[in-house]
Amino acid sequence: MTKPLSPAIPPFSAAGLTDRIELMQTFVRIVEAGSLSAAAAQLGTTQPTISRRLQTLERSLGVRLLQRSTHAMKLTEDGERCYERAKDLLAGWDEFESDLRGARLEAEGSLRVVVPHAFGQKQLIGPLAEFMRRHPRITVEWLLHDRAADFITHGIDCAIEVGDVRDPSLVAIHLAEVPRMTVASPALLQGRPLPQHPSGLAALPWIAIPAFYRREVTLTHEVTGEQGQVAFRPQLVTDSLYALRNAAIEGMGVAVGSSWILAEDVAAGRLVQLLPQWRPDPLPVSLLYPYARFYPARLRHFIDTMKEAMPAAVSGAVGWEALKRMQQKD
């Protein structure tokens with residue numbers, strides 16, 4: 001057992017309610033961020049301020065919560081108990097405030113959201129703008145990353161990810177499916193017969209995007225359901241959907257990409273859709289966030305907005321309409 005500290009300030013019960021909550025919030029953020037400096041960065045304050053809050057909490061409770069050295073930080077036995085109880089207390093307080101306020105007050109606060117680079121720069125800006133118009137008291141940090149979000153270390157509230165969800169510790173809300181197509185530039189195809197079956201694609205140069213395919217793709221015939229696998233050695237590998245598109249336009253290889261970003265190029269003749277009846281599997285889009293007993297109104301409103309907006313965002317309605325018009329003319 002750790003030895004209680006001698007109280008240097010009035011008992012905890014004498015502190016104001018706001019101060020108590022702030023101290024608990026700070027302690028929880030320190031634990032989840034992994035260091036005082038990381039907690040300070042996430043809370044927008046200084047490390048000395050965070051250190052003072054921690055000392056105040058420890059003195060108020062009369063126990064040591066953290067053992068700290070130059071290179072490490074570890075919860076004491078009392079600290080572990082305090083951390084678990086503090087999370088419950090803070091969740092309960094948020095729920096209590098929300099119930100009292102009801103619908104009379106607008107949702108407020110800040111959200112840190114991680115989104116894929118391509119979606120975050122184009123397709124999701126409209127839904128984001130609509131969300132912020134509906135909820136002007138909410139501020140958003142819009143972080144563009146194609147890698148998996150580190151919710152605890154970076155204080156992330158939620159993330160939008162394309163592809164299969166592999167972390168069972170997260171809540172995953174399925175938002176939509178991203179249709180994909182197989183394309184190449186007219187220059188790459190010049191002098192070559194157009195492939196009539198997936199097996200005919202293997203002889204062409206390829207561009208790969210490892211998050212979704214690296215050395216093979218599976219195409220399914222939309223009428224018969226027949227599947228064809230294409231194995232290849234890519235000549236270019238990129239982690240950017242925009243780079244994939246631009247490289248394909250330059251004739252660097254065949255590419256499989258999201259239809260919303262490629263359809264307009266196909267309609268304009270910059271790219272050719274290969275085997276249009278053979279479709280790559282669509283990619284799921286999910287909104288992810290950590291499990292909690294209570295979720296603030298700002299997060300719930302954001303989830304509702306994304307549920308409403310995502311189907312249109314992933315379909316690339318403008319590009320698809322242009323492509324359909326072109327196909328009808330043919």
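This passage walks through the overall make-up of the protein, one pair of packed helices, its salt bridges and one buried serine.

The structure is a predicted model, in which local features need pLDDT of at least 70, side-chain atom pairs count only at pLDDT 80 or more, and totals for chains, interfaces and linings use all residues. Residues are numbered from 1 along each chain as its sequence is written, and side-chain values use heavy atoms, with hydrogens and water left out.

To begin with the whole, the protein has eleven helices and 15 strands; these are DSSP runs, with helices being H or I of at least four residues and strands E of at least two, numbered from the N terminus. Of the 330 residues, 42% are buried. Here buried means under 20% relative accessible area, exposed means over 50%, and partly exposed lies in between, with a 1.4 Å probe and protein chains only. Contacts, meaning heavy atoms within 4.5 Å, often link remote positions: among those in the protein with a separation of 6 or more, 73% are between residues 24 or more positions apart.

One helix pair is a good place to look next. Helix α6 (residues 125–134) packs with helix α10 (residues 297–315) at an angle of about 140°, their axes lying 10 Å apart. The axes are lines fitted to C-alpha atoms, for helices over the stretch in contact, and angles run from 0 to 180 degrees between N-to-C directions. The angle makes α6 oblique to α10, given that under 35 degrees counts as roughly parallel, over 145 as roughly antiparallel, 65 to 115 as roughly perpendicular and the rest as oblique. On the α6 side, Pro127, Leu128, Phe131 and Arg134 take part, and they meet Arg298, His301, Phe302, Thr305, Met306, Glu308 and Ala309 of α10. By class, six nonpolar, two polar and three charged residues form this contact of α6 with α10. In this scheme Ala, Val, Leu, Ile, Met, Phe, Trp, Tyr, Cys and Pro are nonpolar, Asp, Glu, Lys and Arg are charged, and the others, Gly among them, are polar.

Side chains of opposite charge can pair when their charged atoms come close. With a salt bridge taken as a side-chain nitrogen of Lys or Arg within 4 Å of a carboxyl oxygen of Asp or Glu, the count comes to 13 salt bridges. One of the residues in the helix contact, Arg134, forms a salt bridge with Glu308 (3.3 Å, N to O). Since Glu308 lies in α10 and Arg134 in α6, this pair ties together parts that are 174 residues apart in sequence. Arg134 also meets Glu130 in a salt bridge (3.0 Å, N to O), and these two, four residues apart in α6, are separated by about one helical turn. Glu308 is exposed at 57% relative accessible area, whereas Arg134 is partly exposed at 39% and Glu130 is partly exposed at 29%. Together with Arg133, these residues are linked in a network of salt bridges.

Another salt bridge joins Glu141 and Arg112, whose closest N and O atoms are 2.6 Å apart. This pair links strand β4 (residues 138–144), home of Glu141, to strand β3 (residues 109–115), home of Arg112, across 29 residues.

Finally, Ser286 sits in strand β15 (residues 283–290) and is buried, at 6% relative accessible area.
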